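Here are a few notes to help you find your way around this one. Have the model open while you read.

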Amino acid sequence: MSSKVSNFSDLIQRVTTSCLLHPLAGVSRADDFSTADEDEDYDNRAAAEEEEEDFKIHTNWGGGAGNDDDDDEPPRTMELQILMGQVFDAVSSMKRAYVSLQEAHSPWDPDKMRVSDVAVVAELRRLGLLRERFKRSVGGRGGTWGVGAATLREVVAPYEAAVAELKREVKAQQAEMDNLKEKLKTASSLTGKSKGKSRRRVSCTTQVAVAPAVELFEATMSLVKEASKAFTSLLLSLMRSAHWDIAAAVRSIEAASSTAAASFTTGGDSSTNHAKYALESYVNRKIFQGFDHETFYMDGSLSSILHPDQHRTDCFTQYRDMKAMDPAELLGILPSCGFGNFCFKKYLAVVHPKMEESLFGDLEQRRQVLDGHHPRSQFYGEFLGLAKSVWLLHLLAFSLDPPPGHFEASKGADFHSQYMESVVKNNKVGISMVVGFPVSPGFKLGNGSIVKARVYLVPKN
């Protein structure tokens with residue numbers, strides 16, 4: 001028992017000795033704590049001094065760290081304040097000028113565009129002068145601009161980018177104008193070419209020569225035929241898509257003779273042709289109505305009677321100016337011009353409200369037309385193509401002296417090849433044919449030339 005107690009006492013003694021000789025690593029003495037605190041205080045003081053020195057350098061507007069010109073600071077600060085006030089005034093004026101420039105685009109106002117452009121350039125030049133003044137006043141005292149110069153660059157940079165964008169737009173529009181001028185020049189050269197003579201341009205300041213005008217009139221009439229066929233084909237396809245009774249529609253549109261109606265009801269290609277040409281006859285009758293008047297009876301103008309020479313010159317000048325233009329773009333700029341009013345009137349005459357509602361499910365296009373706008377739909381675009389070709393033909397007709405007379409074949413009349421052209425080419429030989437209905441009018445020009453009327457022929461009873 002005494003030996004166990006002795007062993008236990010030896011164990012306690014050894015543990016105590018080990019603890020005294022090898023203290024724990026996490027325990028520090030008091031002098032260690034004091035040394036760490038002193039080091040931390042030294043670091044904090046050094047950081048504070050560095051921040052203070054940095055603040056002094058950055059707040060020195062002269063650009064140098066060792067500038068002791070404290071007496072020059074108040075007037076210099078005042079000068080910078082005046083300069084920045086002028087910069088803000090110039091920027092405000094720039095904004096107003098740029099807003100005026102944007103407003104001049106829609107509706108298009110050339111005079112306002114020029115005034116606004118001059119104002120924008122003037123304010124940009126003013127900002128450039130202020131920038132140079134700032135460089136001289138600030139940058140000359142130490143080789144750097146400081147914070148103010150960077151701020152001025154940030155203010156001016158967006159406007160410089162806007163000016164660069166406007167210059168690119170001007171270049172693009174100039175290129176487009178040059179292209180249109182080239183097209184107009186080519187068209188004018190072609191219209192001035194006469195038979196057996198060298199090519200010459202038609203002068204818009206003199207009376208149009210008869211021979212080249214006849215050729216030009218015939219070529220324009222060919223464009224009318226193509227545009228009429230294109231619009232009629234689109235209208236007929238829309239009617240079929242809307243599940244119209246084409247036979248009933250044709251009978252209601254065109255009061256055809258019993259023979260013509262019989263040819264339609266037989267089916268096949270004959271019925272298809274009858275429907276197409278009957279619909280084209282309806283469209284042409286509506287759009288050529290009033291062709292003999294100088295304004296399609298849209299007003300009571302008598303310029304062709306009171307001032308015939310000037311009126312002829314004006315008509316041919318309008319023809320040359322408008323020939324190369326896209327009608328949708330023209331009406332986007334001048335929606336209520338003479339051509340625009342012609343489109344309004346003829347669209348409402350050709351497209352009945354019930355027809356439009358059946359084809360498109362609503363009257364949205366009609367509402368736009370009644371509000372004085374031109375829809376941007378495919379259907380209205382095809383209509384504009386037809387309207388433009390008829391309008392050009394009308395301008396060309398009233399530029400001639402004398403203007404051509406226009407005639408139309410009557411239903412049931414005998415076919416005369418001198419004045420008429422059949423739209424159906426595969427008629428049976430040996431059968432007497434008469435006019436079932438007229439498709440498009442004909443014209444007799446002042447030199448005796450004939451532009452034949454197009455007719456749909458049917459066998460004579």
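The points below go from the whole chain to two helices and then to the sheets.

1. **What you are looking at.** Keep in mind that this is a predicted model. The protein has 16 helices and six strands.

2. **The chain as a whole.** Of its 461 residues, 34% count as buried. The accessible surface of the protein is about 27500 Å², and carbon and sulfur atoms make up 55% of that. As for contacts with a separation of 6 or more, 68% of them link residues 24 or more positions apart.

3. **Helix 16.** Look at residues 378–397, which form helix 16, 20 residues in all. From first C-alpha to last, helix 16 reaches 29 Å, close to the 28 Å expected at 1.5 Å a residue. Is helix 16 enclosed or not by the rest of the structure? Largely enclosed: 16 of its 20 residues are buried, so the rest of the structure wraps most of it.

4. **Helix 13.** Now go back along the chain to helix 13, residues 338–350. At 1.5 Å a residue its 13 residues should span 18 Å, and the end C-alpha atoms are indeed 18 Å apart, so the two figures agree. Which residues of helix 13 are buried? They are Phe339, Gly340, Phe342, Cys343, Phe344, Lys346, Tyr347 and Val350. Note that a lysine, Lys346, is on that list.

5. **The antiparallel sheet.** One open sheet has three strands in the order 1-4-5, with antiparallel pairing. Its edges are strand 1 (405–407) and strand 5 (450–451), each of which pairs on one side only. Strand 1 is joined to strand 4 (residues 442–444) by three bridges, the two running antiparallel. To find this pairing on screen, look for phenylalanine 407, which sits opposite glycine 442 of strand 4.

6. **The mixed sheet.** The other sheet to look at is also open and has three strands, ordered 2-6-3, but here the pairing is mixed. Why is one side of strand 2 and of strand 3 left without a neighbour in the sheet? Strand 2 (420–422) and strand 3 (433–440) stand at the edges and have a single partner strand each, so the other side of each has no neighbour there. On average, neighbouring strands of this sheet are turned by 45° against each other, direction ignored.

7. **Strands 3 and 6.** Within the mixed sheet, six bridges connect strand 3 with strand 6 (residues 453–459), and these two run antiparallel. A handy spot to check is valine 434, which faces another valine, 458, in strand 6.

Definitions and conventions. Residues are numbered from 1 along each chain as its sequence is written. This is a predicted model: local features need pLDDT of at least 70, side-chain atom pairs count only at pLDDT 80 or more; totals for chains, interfaces and linings use all residues. Side-chain values use heavy atoms; hydrogens and water are left out. Two strands pair if DSSP finds at least two bridges between them. Helices (H or I, at least four residues) and strands (E, at least two) are DSSP runs, numbered from the N terminus. Axes are lines fitted to C-alpha atoms, for helices over the stretch in contact, and angles run from 0 to 180 degrees between N-to-C directions. The expected span of a helix is 1.5 Å times one less than its number of residues. Buried means under 20% relative accessible area, exposed over 50%, partly exposed in between (1.4 Å probe, protein chains only). Contact means heavy atoms within 4.5 Å. Accessible areas come from the Shrake-Rupley method with a 1.4 Å probe; for residues, only the protein chains shown count as cover.
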